[in-house]
Amino acid sequence: MDSSLTDQQQDKYRSYLHGEGEKNTNWKLGAPPNYDTVNKLFEEGRTKIWPPASLEEKVQNLVKTWEMEMFNKISFPDYKSVKLQNYTVSVNGRKPLSLEEKRKLGGGYNSFMQTSLPEDLRGYNPAQETEHSSHLAFTTAFPRGFALEVIQVYSGPPSIVYRFRHWGYKEGPFKGHAPTGELVQLYGISIFEVDDEMKILKVEFFFDRGELLGGLMKGDKLTSGTDQAALSCPFLRNTG
């Protein structure tokens with residue numbers, strides 16, 4: 001971490017976010033994202049506090065860094081947590097995707113919500129979403145963010161297998177359903193294959209998308225257009 005940065009500029013859980021090495025990074029919002037709000041949610045709601053420099057802490061920070069880059073950096077060469085050559089990601093045993101293939105599916109949340117369910121049963125239909133619309137949908141539902149913790153590491157490098165928990169509070173609307181204020185959680189297993197420098201070569205995720213959507217689809221049905229009004233809020237556009 002760059003010691004020349006102020007405390008306000010640093011993020012204690014993520015690398016490749018600030019400093020000299022990021023001065024030419026192309027950010028989706030034009031500047032590095034601010035994780036203060038979701039870091040507070042994480043610290044208040046986590047179930048594990050890992051010892052400094054432990055394998056669990058290193059894995060947790062690696063995952064947070066990887067997520068930050070995938071969601072916020074435009075240019076693939078700016079992704080410093082992964083080995084770009086032959087990198088792939090897959091979800092629930094589906095076909096491994098390159099970075100370009102993942103982007104074509106809408107990247108971000110959309111690429112993780114792919115499903116073979118009939119369209120009328122999907123609740124959230126990734127085929128009808130773009131990277132922009134999916135990001136707005138989830139960041140509106142979770143205005144304080146969607147926190148992540150690693151709750152167990154089963155094996156270390158080069159094949160890191162870990163169990164994770166994502167959580168947030170549904171304090172905004174989602175797909176025509178009113179806010180509930182309730183805790184929404186998602187548990188899963190992931191495998192990160194890494195090289196000797198801890199650069200990620202391959203990612204696999206296994207989780208039940210219904211576990212996430214079940215909490216998001218609660219709440220009274222809203223009148224048409226209410227979601228869009230919430231999405232236009234400049235505060236919500238800059239969270240995530």
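**A walk around the largest cavity**

Helix 2 (55–72), helix 4 (108–112), helix 5 (131–141), strand 2 (147–155), strand 3 (159–169) and strand 5 (200–207) each give at least two residues to the lining of the largest cavity. Helices (H or I, at least four residues) and strands (E, at least two) are DSSP runs, numbered from the N terminus. This is a predicted model, where local features need pLDDT of at least 70, side-chain atom pairs count only at pLDDT 80 or more, and totals for chains, interfaces and linings use all residues. Residues are numbered from 1 along each chain as its sequence is written, and side-chain values use heavy atoms, leaving out hydrogens and water.

Back to that cavity. Helix 2 supplies the largest share of its lining, 6 residues. Of the 24 lining residues, Glu67, Phe71, Tyr109, Phe146 and His166 are the closest to the centre.

Now for the sheet. It's an open one with 5 strands in the order 1-5-4-3-2, and the pairing is mixed. Strand 1 (88–91) and strand 2 sit at the edges with a single partner strand each, so one side of each has no neighbour in the sheet. Two strands pair if DSSP finds at least two bridges between them; strand 2 and strand 3 have 7, in the antiparallel sense. Look for Ala147, which stands opposite Trp167 in strand 3.

Finally, find helix 1 (residues 36–45), whose buried residues (under 20% relative accessible area, 1.4 Å probe, protein chains only) are Val38, Asn39, Leu41 and Phe42. They cover an arc of only 160 degrees around the axis (using directions from the helix axis to the C-beta atoms), which puts them on the same side of helix 1.

Definitions and conventions: Buried < 20%, exposed > 50% of the residue type's maximum accessible area, 1.4 Å probe, protein only. Contact = heavy atoms within 4.5 Å. 1 Å grid on protein atoms, 1.4 Å probe; cavity = no way out; pocket = protein on both sides within 12 Å on 5 of 7 lines; lining within 4 Å.
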